[in-house]
Amino acid sequence: LLAFFAQAFCHEEEVSAIDRLLDRYFAALMLEPDSVKTAELDWVIESCTDSSLRSEVASRIFRHYKDSPLMGEESVAIHVWDRWYSDGTVLFADEAEMYDAAVFATFTRRSLLYMPAPRLSLRDRSGSLESIPSEGVLNVLFFYDTSCPKCKALSILLPHVMGDYGSEAVLYAVYTGTDREQWDAFTKDFKVFNRKVRVVHLWDPEA
């Protein structure tokens, strides 16, 4: 089946047909671990000996995993960048897209699953610097803006989830907006009724 796919794929000239084949391939790989995905996709890109076809295929693969709704699949896009784009083996057709891909790979690799979070120092309600994460307890970081509808929904759900948590935890609610009054209003309404969970409101407009 794989050999048949390679033969059909690498002789296909229509972009829409390439997209259909790749969509089927992505679906077949969905439940595989990232190590299998990267090996298979490297093989697909390598199989395309025509440079323009290889460029089209690699960019389609990169875009799919860059924007994947499945958490963690960004690592596949970063692998494609590292393996095929970073040294110029394959180029995007558009320089702006090449730049955007480089920025994505640079900044996203630090936030992949299992990567240690960088330490942050932000100011709490009293103006004191708070260093996060805290050692020895579960740390939950909730970044929000009061004008974001999804953030508002999460700000209703999260207190209920943390209210049922049975161990020691710190919930850091980090405001990313610019309005002090809105931050003040949010912090008054956002409460977790669980003695084991410490809620810390943070904001630093200069950060």
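**Entry 1: M30 and the surface**

I began with M30, which I found in the loop between helix 2 (15-29) and helix 3 (34-47), bearing in mind that this is a predicted model. M30 has a relative accessible area of 45% and is partly exposed, because that value falls between the limits of 20% for buried and 50% for exposed. I then noted that M30, L31 and L70 form a nonpolar patch on the surface, with about 340 Å² of accessible area together.

**Entry 2: The cores**

Next I turned to the interior, remembering that in soluble globular proteins nonpolar side chains tend to be buried together. The largest nonpolar core has 29 residues, and among those with the most contacts inside it I listed L41, F62, W81 and Y85. At least two residues of this core come from each of helix 2, helix 3, helix 4 (51-66), helix 5 (74-85) and helix 6 (95-108), and helix 5 gives the largest share, seven residues. I looked up what F62 touches, leaving aside residues up to four places away in sequence, and found A77, V80, W81, Y85, F92, A101 and F104. A second, separate core of 16 residues includes M162, L171, W183 and F186.

**Entry 3: Aromatic rings**

I then went through the aromatic pairs, of which the count comes to 13. The rings of W81 and Y85 have their centres 5.9 Å apart and their planes at 20°, so I entered this pair as stacked. W81 and Y85 are four residues apart in helix 5, and are therefore separated by about one helical turn; both W81 and Y85 are buried. I also wrote down one aromatic cluster, formed by F142, Y144, Y175, W183, F186, F190 and W203.

**Entry 4: Salt bridges**

My last search was for salt bridges, and the structure holds 13 of them. R60 forms one with D19, where the closest N and O atoms are 2.7 Å apart. Because R60 lies in helix 4 and D19 in helix 2, this pair ties together parts that are 41 residues apart in sequence. R60 is buried, with a relative accessible area of 13%, whereas D19 counts as partly exposed at 22%. I noted too that D19, D23 and R60 are linked in a network of salt bridges.

K37 forms a salt bridge with E73, with 2.5 Å between the closest N and O atoms. K37 is in helix 3 and E73 in the loop between helix 4 and helix 5, so this pair joins parts that are 36 residues apart in sequence. Both K37 and E73 are buried.

Terms used:
Residues are numbered from 1 along each chain as its sequence is written. This is a predicted model: local features need pLDDT of at least 70, side-chain atom pairs count only at pLDDT 80 or more; totals for chains, interfaces and linings use all residues. Side-chain values use heavy atoms; hydrogens and water are left out. Patches are made of residues with over 30% relative accessible area and no salt bridge: like charges are joined within 9 Å, nonpolar side chains (Val, Leu, Ile, Met, Phe, Trp, Tyr) within 5 Å. Accessible areas come from the Shrake-Rupley method with a 1.4 Å probe; for residues, only the protein chains shown count as cover. A salt bridge is a side-chain nitrogen of Lys or Arg within 4 Å of a carboxyl oxygen of Asp or Glu. Buried means under 20% relative accessible area, exposed over 50%, partly exposed in between (1.4 Å probe, protein chains only). A nonpolar core is a set of buried Ala, Val, Leu, Ile, Met, Phe, Trp, Tyr and Cys residues joined through side-chain atoms within 4.5 Å. Contact means heavy atoms within 4.5 Å. Rings of Phe, Tyr and Trp (its six-membered ring) pair if their centres lie within 6.5 Å; planes under 30 degrees apart count as stacked, over 60 as edge-to-face and the rest as tilted.
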